[in-house]
Structures are given as structure tokens and as C-alpha cells.
Amino acid sequence: MKKFCYIRFYDRLKSISNKERCIFYFNGKPAIIDIVESLGVPHTEVYLILKNQTIVSIYDWVYPGDFISVFPRMHTFFFDLYKQVLLDPAYPKKIKKEFWNRYQNYRIRQFVADVHLGKLVKYLRFLGIDVLYNPSWDDDELIEISVSNKRILLTQDKGILKNKRVQHGFYIIHRDPEKQLEEFLNYFQIDFKPFTRCSLCNDLLIPITKQDLDNFPIEIPESIKQSYSEFCYCKSCYKVYWEGSHYERLSNFFNKIFGNTT
Ligand SMILES: [Zn+2]
């Protein structure tokens, strides 16, 4: 008789795997994470696994008839649960190690994005969020930057997130950049400071007076200087920013996303 187990995905994992419940047939003795990844959900998306209603490691074996529930990152609830598990002597070390890694993920505020997410990167930088991006980086370079700099890898490539070296990743479901931004903000719920970071190179912006602009290495048209009162510049690439039409358009866009109609 064929061996099988029951798998149920919750919340955004339903969209990532394109299924909510399924019966999974298997040979031998697979680990839970192998089954979960074969159903299209990378390990970086998995924040809690229950096997027959008990918290288990993602590497736990699967036996015929097991009920496996797979949860994504959730905010307050998991944060508290992780703290409980980490302090509870009843849980084995391997579960605590996994929980500690996931707990650490909640504290990471820096990102690196793959080549397909250029527009999202601009939006995030406009919000002041630190995102490294270079369209020429290949998968190995992205992984290296994510691992060595402890940056969450943003990507639409499930394959790269299934690489065992990647510990901090986020799979972007949506194709439309505005939807991607909403998806990002809903997931990470991090504080941001709009218009403090250069959209071109990711470095921080510094305020500059009109007088100092006169001696600036890059010339700003006189009409712009006359029309606007506040300016800032990027301390790496020297791009100058002011509250022009682009600023207004983005402010309106962010207000739309955050539901602020004032
Ligand atoms: Zn710059």
C-alpha cells in the first residue's frame, strides 16, 4: 500500500504553494522540509511546523498518516511563542536552534534584492529602507551578500530560497510593484523614514541649504532653486533631491497604500 501524509498550508503559504490542503504520497522516510519544498514552499518561508498538533523541527521525519501543518511568519503571536519555546526546557536543542534563527529574522532590517525587483527597490529606498541591489549580481553573489551581511534576500525565485545556505529570505508573490510593496509592508511591519535614503545607490541623504548648493559639484537649475526651499543630497553619488512633482506623486502613492487620505 502506498504511504501518504496530510499537509495543510496556512495564510500566504497557500498562495506560494497554490494549495491549502493535500495528501502527499511518499517512499522511504522523508524529512518534513523536503516534502514542503517539493510542494513549492522554500524553507525560508516556514516559521512553524506542527506534526499531529505538536511543535516539531522542520527536519523531523514523516510517517504514514501524519498530519502536518505549515505556518508562515506571523507577527505578535509567533514572537511570543518563540520566546516561550526558547525558555522552555522541555523542547530539544534542535528545535530551539531553529526557533532562535527565526526569532533573529524578526530583528533584521536590511535587505538585498534580486534583479527582477528594481521598481520595488526604488519604492523601499524612498521609504528609507536599506536595500542592496545590483542587476549584475548572480545567485551565488546574492546568497553570499545575504549570508555574510545578514540581509534578508528578496526574490521571486523559489529555487534560490531553497538553497540550504540561505537563512533569511522572503519570496515576493506579486508581479505588480505596488502590490509587491504592500506585500512587503504587511509582512515585515517595520518602521520607515520616507525620503531619507538615495533611490539610486541606497546611501543616506543629508540636508543641504540653497547657499551650499551654489558651491555644489553638480549644478542645479536656477528655476528649481527658486521653486523649492528644501533640498538634500546623497553622500555617495551626490544626487540632489527636492520636494518636486516626483516627491508629490510618491507621497500620494504611499498615502494610498497606508490608507491616509489627508
Ligand atoms: Zn546615491
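These questions and answers cover a predicted model of a protein chain.

User: How many helices and strands does the protein chain have?
Analyst: The C-alpha atoms of this predicted chain fill a box of roughly 80 × 40 × 35 Å along the principal axes. Within the protein chain, the secondary structure comes to 11 helices and 12 strands.

User: What percentage of the residues in the protein chain is buried?
Analyst: A residue is buried if 20 or more other C-beta atoms lie within 10 Å of its own. The protein chain has 262 residues, and the buried share of these is 27%.

User: Among contacts between residues at least 6 apart in sequence, what percentage joins residues at least 24 apart?
Analyst: Contact here requires C-beta atoms within 7 Å. Of the protein chain's contacts between residues at least 6 apart, the share joining residues at least 24 apart is 54%.

User: How far apart are the C-alpha centres of domain 2 and domain 3?
Analyst: The protein chain is divided into domain 1 (3–105), domain 2 (110–188) and domain 3 (205–258). Between domain 2 and domain 3, the distance from one C-alpha centre to the other is 27 Å.

User: Which element supplies the largest share of the largest nonpolar core?
Analyst: That core has 26 residues, and F111, A113 and L120 are among those with the most contacts inside it. Elements that each supply at least two residues include β6 (110–113), α5 (118–126), β7 (130–133) and α8 (177–188). The largest share is five residues, and the supplier is α5.

User: Which residues does V121 contact, leaving aside neighbours within four places in sequence?
Analyst: V121 is listed with the residues that have the most contacts inside the largest core. With those sequence neighbours set aside, its contacts are A113, V131 and Y133.

User: How many residues does the second, separate core have?
Analyst: This core includes C5, I33, Y47 and I68. Its residue count is 18.

User: Why is one side of β10 and of β12 left without a neighbour in the sheet?
Analyst: The open sheet has three strands in the order β10-β11-β12, with antiparallel pairing. β10 (205–208) and β12 (240–242) each have one side free because each stands at an edge, with a single partner strand.

User: What is the average twist from one strand to the next in the sheet β10-β11-β12?
Analyst: Three strands make up this open, antiparallel sheet. From one strand to the next, the twist averages 35 degrees.

User: Which residue in β11 stands opposite I208?
Analyst: β10 pairs with β11 (residues 231–234) in the antiparallel sense, over four bridges. Opposite I208 stands F231.

How values were computed. Residues numbered from 1 in each chain as written. Predicted model: local features only at pLDDT ≥ 70, side-chain atom pairs only at ≥ 80, totals over all residues. Pairing = 2+ DSSP bridges. Axes fitted to C-alpha atoms, helices over the stretch in contact; angles between N-to-C directions. Domains from an automatic or database assignment. Core = buried A, V, L, I, M, F, W, Y, C linked by C-beta atoms within 7 Å. Buried ≥ 20, exposed ≤ 12 C-beta atoms within 10 Å, placed from the backbone. Contact = placed C-beta atoms within 7 Å.
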